[in-house]
Amino acid sequence: MTILSIEDLKCHYVTDGSVVKAVDGISFDIYEGEIFGIVGESGSGKTTIALEIMGLLPENVNIYGEVVYNGKTISNLSGEERDKFRWKDIAIVFQNGLEVLNPVINVGRQVTEPMIKHLGLSHEEAEKRCMELFEMTGLDSSWMSSYPHQLSGGMRQRALLAMALSCSPKLLILDEVTSALDAFSRKEIRDLLLNLQKECCYTMIVISHDITFVSSVASKIAVMYMGKIVETGPVRDVITSPRHPYSRGLIHSTPDIFIYKDMWGIPGDGFMGGEIPGCPFSPRCTQKTDACTKSAPLLCACGNNGRKIACHRGGIVSLLEAGDLKFCYQLPDKKSLQAVDGVSLDVKEGEVLAVVGQTGSGKSTLAHILAGVMKPQSGEVYFMGEPLCPEGYGSRFNGIQIVFQDPFSSTSSRFTVLDAIKEPLDINKIGTKDERLNMVKDVLGLVRLSSEESFLKKYCGELSGGQRQRVALARAMIMRPKLLIADEITSALDVSTSANVLRLLKGLQNRRGFAMIYISHDLTLTLKIADRIAVMNSGKVVETGNAHDVMLSPSDEYTQRLVGSRIGLCCHTHEAA
Amino acid sequence: MKKDRNSFIFRFLLTLLVILAINFFLPRMMPGDPFSTTSADVAGDEIIVMTEEQREYYIGYYGMDKPQYEQFFIYLKNLAAGDLGKSISYKMPVWSVIKIHLPWTILIVLCATALSTFIGVIFGTISAKNRKKSSDRFMMAGMIAFAEIPSFLLGLILLLIFCVYLRMFPLAGAVTPFAVYGGVLDQAWDIMYHAFLPVVTLSFAQLTGVYLLTRNTLITVTSKDYIRTARGKGLGEKIVWNRHALRNALLPVVTRTGFMIGMMMGGAVLVESVFSYPGIGMTLRAAVVGRDYPLIQGILLVLAVSILVCNLTVDKVYQMLDPRVSV
Ligand code: SF4
């Protein structure tokens, strides 16, 4: 049964003539006994929703739409009428802050207050109940006579929780309950909430920027961005395979979900003031089209498990799809080597897919085929929905570029830096001489190389390995690829240089938003940058999945061996068994 | 803690010493002396009522022939023994004079404080509740305009209207002279009857301050998170305002009120003169006119001490009201 439904809710803050649309057309239903999570960065409008459900928005907010509780529209009630619902039916655990509790009234009194008012308890009864609540939330009842400033952040959080539970509400809203807590208390609060939910069957709305926390308690989740829900659905589905570019970015920048990966936030800033026409995420989106800046996408169902997404392109699109690729080398001794054996994979817009495997597993051949450098003997490769044309996509902007393992073969030693980088432009006759020079200087900046005349005139042969790999990268970047295939690009470099190149590459990818296929035999390094991993063994892809899942729970026997084969640096002394 | 206390006592004593010095030397810097009275009608015109010998005799009698610093030390010594000296014009101990007049001043000051605080808080609350509405603006404009009227002028107007024309209130005094009371109640009524207009005048002078302070603090307080919390709990506007908002907003009002009492003691001079109310202010005025040094010193000292005491009390009361200030 629906306990709360929000229909096309809009909350616009009006200050001195300017309007901030904190919540801009949101609808959702919450069923009894469900835990509904709302996640989003700060300023996405989460708290505003909570306050509107409680009817606590200040007067300078224009509210449109409806909040329906148990079949009754409460959003248009007067404050007095709403008091009947407050705390007894709907209670909120306010976001922890120094002044969230009244500084001059002791905590016990503040907790008992609503019980006396709503449940008609006497002072003594309320105090007894307060003691129970304190115990339940893990606070010693001696704190009842303390004042808020004497409590630590964690204790205050518990007191707030006790206060919210005091009248046994049917719907409990939790606003950023974990933000002031350390890891231990966070887990305790989570367990407490789950227990409570089991025992008392509360319906809960959990609002937080902490995706890990929300996903560990909620059953359904909504991802908010600038006042709109961009994606919603069952928690597991959304977390493991986010469909909206924003949810993916958010989830990928969550350290608990990607333990091994380096953190890279979503490029760009969320709030820029002013209004963004069309999709609010379009300034940061890597796959936007013209339609995206014209009209805002609606939240539409996709799939049948209650999943909805607001994106003109139906969520993250596939950039490259390959089906059943085969390639076989004829060896001189008449034997044949099946280097690529029925490989199918797809690369999504803006993601980093790592292909890992031992030397000789067919990774490089696959890379060449995907880049259009080699033709598969069978199977098809589609790039942006079109079959890969014979001349490949390397010769145009927004195509596919590949950077090879060996910088010495990809950039001729006899070329100057300038010539090596602008060669693709020369070949494809793009731009005038000056334009080409400017473009070269730009990409040199991107790969953190000097763009001074003296450096441009240097011969590639004079450069170090790391510099040369960067020049190769610049040469690829000058064509502004949508997909970059990096084939073992760091294996010829020493540790420190390879770390630098890798960070540079990932940084570029993050800022520029291109997709990448990163081919490597080094699993540890891969985990630092990959979103998804495909494991290859003797020409076949044996396992694909979320980088973190593949690493923590490899399902294929070969992957397990690969994961287990990492030696790791051992810092403890070895104890005799 | 102990060190704190020591430094506190030290500071207190130092302040007292400075006050004493000022009290002592300032009156003596005025032209004239106790034995040549200055006519209030003809400014600066000295009328010698004593012969030169008499004068010298008295100067010697009150020890005023000694150098001033010596006199000061004698004054301090006597003070330490609890002796405020003898009033020259009243011909009796200064303390006795003060004892007669101080209670009247305390009476009107306390009543005025209570009245102005009470009304100011109520008006301030009403104003804050109707913030941005015309009633608030109207009230505020009125209050501020009102504050511009000097209190002695207001006193004069009230005196003219109620005492001279309407004859509702007495023109002077704190009690009806030679009255015989039927009982305590009767006496209290007579006292209130006399004190009424001075109290009203004094409170009007303070009202706007309390009103503005209450209104502004309430507006700040009501934007705080804990008010939202209280509203969210569905406690109803009455409890939200009275228990949650006012209690916080009154903290600065309490402080102000405390300081105000001290200031009003001194400020009562004008109002007391207007209504010829026999309080300490009137006495001070007479003492100044008569150059009654010991009396001036005594009264100023009492006023200074009462201000200090008020400030101390405010600190203590504040500590009791605001749990955040550690005791
Ligand atoms: S593709 Fe368009 S609609 Fe979809 S998220 Fe990107 S900008 Fe928004």
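## Helix α1 of chain A

A residue is termed buried when its relative accessible area is under 20%. In this predicted model, that criterion is met by eight of the nine residues of helix α1 (residues 46-54) of chain A, so the helix is largely enclosed by the rest of the structure. The buried positions of α1(A) are A:K46, A:T48, A:I49, A:A50, A:L51, A:E52, A:I53 and A:M54. After α1(A) comes A:G55, which has a positive phi, near 70°.

## Chain A as a whole

Chain A contains 20 helices and 22 strands. Along the principal axes, its C-alpha atoms fill a box of roughly 95 × 70 × 50 Å. Of the 577 residues in chain A, 52% are buried. The area exposed by chain A is about 25500 Å², and carbon and sulfur atoms supply 50% of it.

Contacts in chain A were also examined by sequence separation. Where the two residues lie at least 6 apart in sequence, 66% of the contacts join residues at least 24 apart.

## Aromatic pairs and a charge over a ring

A pair of aromatic rings is described by the distance of the centres and the angle of the planes. Over all chains, the structure holds 14 aromatic pairs. One of them is formed by A:Y225 and A:F281, with 5.2 Å centre to centre and 90° between the planes, an edge-to-face arrangement. This pair links distant parts of chain A: A:Y225 belongs to strand β9 (residues 220-225), whereas A:F281 lies in the loop between α9 (245-252) and α10 (290-294), 56 residues apart. Both A:Y225 and A:F281 are buried.

In chain B, B:F72 and B:F73 form a tilted pair, with 6.2 Å centre to centre and 50° between the planes. B:F72 has a relative accessible area of 10% and is therefore buried, while B:F73, with a relative accessible area of 53%, is exposed. These two residues belong to one aromatic cluster together with B:F24, B:F25 and B:Y75. Returning to chain A, the ring of A:F397 has the charged end of A:R480 sitting over it, 4.4 Å from the ring centre.

## Nonpolar surface patch of chain B

A nonpolar surface patch of about 1000 Å² is present on chain B. The residues that make it are B:I149, B:F152, B:L153, B:L156, B:I157, B:L160, B:I161, B:V164, B:Y165, B:L166, B:M168 and B:L270. Helix α6 (residues 151-165) of chain B gives the most to this patch, contributing eight residues.

B:L166, a member of the patch, is located in the loop between α6 and α7 (184-222) of chain B. Its relative accessible area is 48%, so B:L166 counts as partly exposed.

## Surroundings of B:I261

B:I261 is placed in helix α9 (residues 237-274) of chain B. With a relative accessible area of 18%, B:I261 is buried, because the cut-off for burial is under 20%.

Leaving aside residues up to four places away in sequence, B:I261 touches B:V109, B:L110, B:T113 and B:C310. The C-alpha atoms of B:I261 and B:L107 are separated by 11 Å, although these residues are 154 residues apart along the chain.

Methods:
Residues numbered from 1 in each chain as written. Chains lettered and ligands numbered in written order. Predicted model: local features only at pLDDT ≥ 70, side-chain atom pairs only at ≥ 80, totals over all residues. Heavy atoms only, no water. Phe/Tyr/Trp six-rings, centres within 6.5 Å; stacked < 30°, edge-to-face > 60°. Helix = DSSP H or I, 4+ residues; strand = E, 2+ residues; numbered from the N terminus. Buried < 20%, exposed > 50% of the residue type's maximum accessible area, 1.4 Å probe, protein only. Lys NZ or Arg CZ within 6 Å of the ring centre and 35° of its normal. Patch = residues over 30% accessible without salt bridge, like charges linked within 9 Å, V, L, I, M, F, W, Y side chains within 5 Å. Areas by Shrake-Rupley, 256 points an atom, 1.4 Å probe, with all protein chains shown as cover. Salt bridge = Lys/Arg side-chain N within 4 Å of Asp/Glu carboxyl O. Contact = heavy atoms within 4.5 Å.
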